[in-house]
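Here are my comments on the model, set out as numbered points. Please read them with the sequence and the coordinates open alongside.

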Amino acid sequence: MTDQVAPLTSANSAALDTLVELVSSQLADRVEDLGRQGRTLRSLGDLDELATRMVAALPTVHPWDSELGPFYDTNGLSRWLGVTRQALADRVKRGTLLACRTADSHLLYPVLQFDRVGQVRPGVIEAVGILTRAGADGWAIGTWLTTASVAFDGESVVDYLVVHHGSSEATTRVAAAATADSAAWST
């Protein structure tokens, strides 16, 4: 163990045990489903690659976690979503995926933008597009998404969207605020 690796605490150990039990139970259910279809777990592909993709769904640790994180790195997100690095880069360029560039030019993708199946949350995707086209960088957009605002009754954009289940009204309100703020930033 290096100086940079935290020891496995008893709290983390208990959480890990619980997580392993939950994954094991859900995996057993999935294996039963596969069996009813006449398939096996191995029919899903290489088991090592499958395990790697499952673990890739867990975000990485980064110093900005307290503000915007946790984050996925490019390798983890591409594995979780099952897409190439180029596909992620294209989505970032089009403003349909939020990425924050580190000082050493690595891209980090805030977890807060995703729903549980890997889709960018309704409202977030609109705001990211609007603010990206206005020239804002990922850190500014992430800060905009996570800072409490009177425009959202004292909540952050992300909290507001979660509370309102990404409704069309909430999405429209977020897009309008992003448009207004991006216009104000450019003047």
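**Notes on the predicted model**

1. Of the 187 residues in the protein, 29% count as buried. This is a predicted model, and the remarks that follow should be read with that in mind. The protein exposes about 11600 Å², of which carbon and sulfur atoms supply 55%. Among contacts with a separation of 6 or more, 49% are made by residues 24 or more positions apart.

2. The secondary structure consists of eight helices and three strands, and along the sequence these elements follow the pattern α-α-β-α-α-β-β-α-α-α-α.

3. In what order do the three strands lie in the sheet? The sheet is open, its order is 1-3-2, and the pairing is antiparallel. Strand 1 (71–73) and strand 2 (100–101) are the edge strands, each of them pairing on one side only. As general background, the strands of a sheet pair through backbone hydrogen bonds, in either a parallel or an antiparallel sense. Here strand 2 and strand 3 are joined by two bridges in the antiparallel sense, and the bridge partner of R101 in strand 3 is L107.

4. The second largest pocket has a volume of about 190 Å³. Its lining comprises 12 residues, and those that lie nearest the centre of the pocket are D73, T102, H106, L107 and L108. Helix 3 (74–81) and strand 3 (107–110) are the elements that give two or more residues to this lining. By residue class, the lining of the second largest pocket divides into two nonpolar, six polar and four charged residues. L107 therefore appears twice in this note, as the bridge partner of R101 and among the residues nearest the centre of the second largest pocket, whose lining residues are those with an atom within 4 Å of a pocket point.

5. Two backbone conformations deserve a look, given that most residues other than glycine have a negative phi. S105, although not a glycine, has a positive phi of about 70 degrees; this residue is found in the loop between strand 2 and strand 3. With a relative accessible area of 48%, S105 counts as partly exposed, because the exposed class begins over 50%.

6. The second case is D153, which is likewise not a glycine and has a positive phi of about 55 degrees. D153 is found in the loop between helix 6 (138–146) and helix 7 (157–163). Is D153 buried or exposed? Its relative accessible area is 57%, so D153 is classed as exposed.

7. S78 is found in helix 3, one of the elements that give two or more residues to the lining of the second largest pocket. S78 has a relative accessibility of 11% and therefore counts as buried, the cut-off for that class being under 20%. When its neighbours within four places in sequence are left aside, S78 is in contact with V83, T84, R85 and L88.

8. T52 is found in helix 2 (residues 47–56) and is partly exposed, with a relative accessible area of 28%. How many residues apart in sequence are T52 and G76? They are 24 residues apart in sequence, while in space they are 8.9 Å apart, C-alpha to C-alpha.

Notes. Residues numbered from 1 in each chain as written. Predicted model: local features only at pLDDT ≥ 70, side-chain atom pairs only at ≥ 80, totals over all residues. Heavy atoms only, no water. 1 Å grid on protein atoms, 1.4 Å probe; cavity = no way out; pocket = protein on both sides within 12 Å on 5 of 7 lines; lining within 4 Å. Points joined across faces, edges and corners; volume = space filled by probe spheres on them. Helix = DSSP H or I, 4+ residues; strand = E, 2+ residues; numbered from the N terminus. Nonpolar A, V, L, I, M, F, W, Y, C, P; charged D, E, K, R; others polar. Pairing = 2+ DSSP bridges. Buried < 20%, exposed > 50% of the residue type's maximum accessible area, 1.4 Å probe, protein only. Contact = heavy atoms within 4.5 Å. Areas by Shrake-Rupley, 256 points an atom, 1.4 Å probe, with all protein chains shown as cover.
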